[in-house]
Amino acid sequence: QVQLVDSGGGLVQAGGSLRLSCAAEGRTFGGHTVEWYRQAPGKEREFVAAGGWRVGSNSYSDSVKGRFTISGDNSENTMYLQMNNLQPEDSATYYCHVQFSTAYGLSDFWGQGTQVTVSS
């Protein structure tokens with residue numbers, strides 16, 4: 001059974017940093033594109049970053065470009081999101097996402113989410 005486990009969230013002051021982790025259990029990422037999304041209370045889930053396995057193959061939303069970095073570690077089967085210069089508007093629950101081929105076709109897998117709170 002495939003499971004994504006998000007971790008690394010917490011409370012940080014504006015200007016601070018956090019590193020989120022997304023570990024895959026039951027299956028290796030195997031170079032599949034992994035995405036990070038976030039959702040703040042009362043708002044829709046929004047795309048944050050994607051990629052992580054090859055330099056130059058990553059993409060970011062405009063709101064985090066230059067501050068966040070996505071990267072992957074195949075040996076740990078874990079995807080990371082390094083978040084620097086955090087601002088209060090970055091406060092949200094962050095989720096990782098991947099699509100894997102299954103017996104039913106392409107299936108979406110989501111982490112349980114990790115809360116990031118940035119105080120001003």
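Colleague: Which residues does Arg38 touch, not counting residues up to four places away in sequence?

Modeller: This is a predicted model: local features need pLDDT of at least 70, side-chain atom pairs count only at pLDDT 80 or more, and totals for chains, interfaces and linings use all residues. Residues are numbered from 1 along each chain as its sequence is written, while side-chain values use heavy atoms and leave out hydrogens and water. A contact needs heavy atoms within 4.5 Å. With that rule, Arg38 touches Glu44, Arg45, Glu46, Val48, Ser63, Val64, Phe68, Glu89, Asp90, Ala92, Thr93 and Tyr94.

Colleague: Nice! Is Arg38 buried or exposed?

Modeller: Buried means under 20% relative accessible area, exposed over 50%, and partly exposed in between (1.4 Å probe, protein chains only). Arg38 has a relative accessible area of 6%, so this residue is buried.

Colleague: With which side chain, besides that of Asp90, does the side chain of Arg38 make a polar contact?

Modeller: A polar contact is a pair of N or O atoms within 3.5 Å; within protein, one must be able to donate a hydrogen and the other to accept it, and residues adjacent in sequence count only if both atoms are side-chain atoms. The Asp90 contact is 2.9 Å. Another of 2.9 Å joins Arg38 to the side chain of Tyr94.

Colleague: Which strand gives the largest share of the largest nonpolar core?

Modeller: Such a core is a set of buried Ala, Val, Leu, Ile, Met, Phe, Trp, Tyr and Cys residues joined through side-chain atoms within 4.5 Å, and strands are DSSP runs (E, at least two residues), numbered from the N terminus. This core has 30 residues. Five of them, the largest share, come from strand 9.

Note on methods. Helix = DSSP H or I, 4+ residues; strand = E, 2+ residues; numbered from the N terminus.
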